[in-house]
Amino acid sequence: GLFGHLQSEKELLNYKNAIASEVYSGDGELIGKFFSENRTNISYGQLPLHLINALTATEDVRFFEHGGIDTRSMLRVLIKSIVMGKRSSGGGSTITQQLAKNMYGRKNFGVLTLSVNKIKELFLASRLEKSLSKEEILTLYLNTVSFGENVYGIGVAARQYFNKNVEDLKIEESAVLVGMLKANTYYNLRLNPENAGRRRNVVLKQMEKYKYLEPSEADSIAGLPLKQ
């Protein structure tokens, strides 16, 4: 408790995202929303497999194997970033650790800010893995993430950028949305389409690397024009 409250497993189970209130016409058409965060939660069953594959291949390839903390990834970042001085070594945070950050944000502790927040996220990631299934963690993560422009969660992002339900996303569209998670303005499909296209192709290469796509399929999709 030295650096503030650390949520219990019970509190993690009771966590709720802020969602938009939706107004429909008599014939079932959406005519308006009221929100502080533009979000519509989706269920795990709505997530296409290629979206899950794109996410794990890019953000956390051992997601289904670790217990919230990927020691191998942390050691890789430590060696490449600190010992070898490589800034492009990538991050060591798992999807579960990222979820912990998205849920509760980070507080300012002066010079100790990064270290303290990272340690708290390690504890919360471990508790999340004990409290929720992998499917529940993925769903909560994808409902929590920001896509910029006051767009929160994959459900609203699919509608905002491709005008379709998340379950109807194509592989290349899922790759675009996953790519936006790295920097939701720089890789924003509407604001910076060229950057978004390059990032999409990085995600596709990751899917190829981890055998989610055949090389010929990845190359074919990478050649497709971006569409909104």
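R62 is buried, with a relative accessible area of 17%, where buried means under 20% relative accessible area, exposed over 50% and partly exposed in between, using a 1.4 Å probe and protein chains only. That residue is a handy place to start a tour of this predicted model, in which local features need pLDDT of at least 70, side-chain atom pairs count only at pLDDT 80 or more, and totals for chains, interfaces and linings use all residues. Residues are numbered from 1 along each chain as its sequence is written, and side-chain values use heavy atoms, with hydrogens and water left out.

**Around R62**

R62 sits in the loop between α2 (49–59) and α3 (71–83). Helices (H or I, at least four residues) and strands (E, at least two) are DSSP runs, numbered from the N terminus. Leaving aside residues up to four places away in sequence, R62 touches D70, R72 and S73; contact here means heavy atoms within 4.5 Å. R62 and S73 are eleven residues apart in sequence, and their C-alpha atoms lie 9.2 Å apart in space.

**The chain as a whole**

Stepping back, the chain holds ten helices and four strands. Read from the N terminus, the elements run α-β-β-β-α-α-α-α-α-β-α-α-α-α. Of the 228 residues in the chain, 43% are buried. Among contacts with a separation of 6 or more, 60% join residues 24 or more positions apart. The accessible surface of the chain comes to about 12400 Å², and 53% of that belongs to carbon and sulfur atoms; these areas come from the Shrake-Rupley method with a 1.4 Å probe, and for residues only the protein chains shown count as cover.

**Two covered helices**

Helix α2 is mostly covered, with ten of its eleven residues buried. The buried set in α2 is H50, L51, I52, N53, A54, L55, T56, A57, T58 and E59. These buried residues pack against α4, α6, α7 (153–162), α8 (171–180) and α9 (193–209).

Helix α4 is largely enclosed by the rest of the structure, because seven of its ten residues are buried. They are I95, T96, Q97, Q98, L99, A100 and M103, and they pack against α1 (9–13), α2, α5 and α6. Just after α4, G105 takes a positive phi of about 70°.

**Where α4 meets α5**

Helix α4 (residues 95–104) and helix α5 (residues 113–131) pack at an angle of about 105°, with their axes 8 Å apart. Axes are lines fitted to C-alpha atoms, for helices over the stretch in contact, and angles run from 0 to 180 degrees between N-to-C directions. The two helices are therefore roughly perpendicular to each other; angles of 65 to 115 degrees earn that label, while those under 35 degrees count as roughly parallel, over 145 as roughly antiparallel and the rest as oblique. On the α4 side, the contact is made by T96, Q97, L99, A100, K101, M103 and Y104, and on the α5 side by E121, L122, L124, A125, L128 and E129. The residues of this contact divide into eight nonpolar, two polar and three charged. Ala, Val, Leu, Ile, Met, Phe, Trp, Tyr, Cys and Pro count as nonpolar, Asp, Glu, Lys and Arg as charged, and the others, Gly among them, as polar.

**A buried asparagine**

Next comes N143, found in helix α6 (residues 134–144). N143 is buried, with a relative accessible area of 4%. The side chain of N143 reaches the backbone nitrogen of I42 at 2.9 Å; such a polar contact is a pair of N or O atoms within 3.5 Å, and within protein one must be able to donate a hydrogen and the other to accept it, with residues adjacent in sequence counting only if both atoms are side-chain atoms. Beyond residues up to four places away in sequence, N143 touches N17, R39, T40, N41, I42, Y152 and G153.

**Two exposed loop residues**

Finally, here are two residues with a positive phi that are not glycines.

| Residue | Phi | Loop | Relative accessible area |
|---|---|---|---|
| N163 | about 55° | between α7 and α8 | 58%, exposed |
| K211 | near 70° | between α9 and α10 (215–222) | 73%, exposed |
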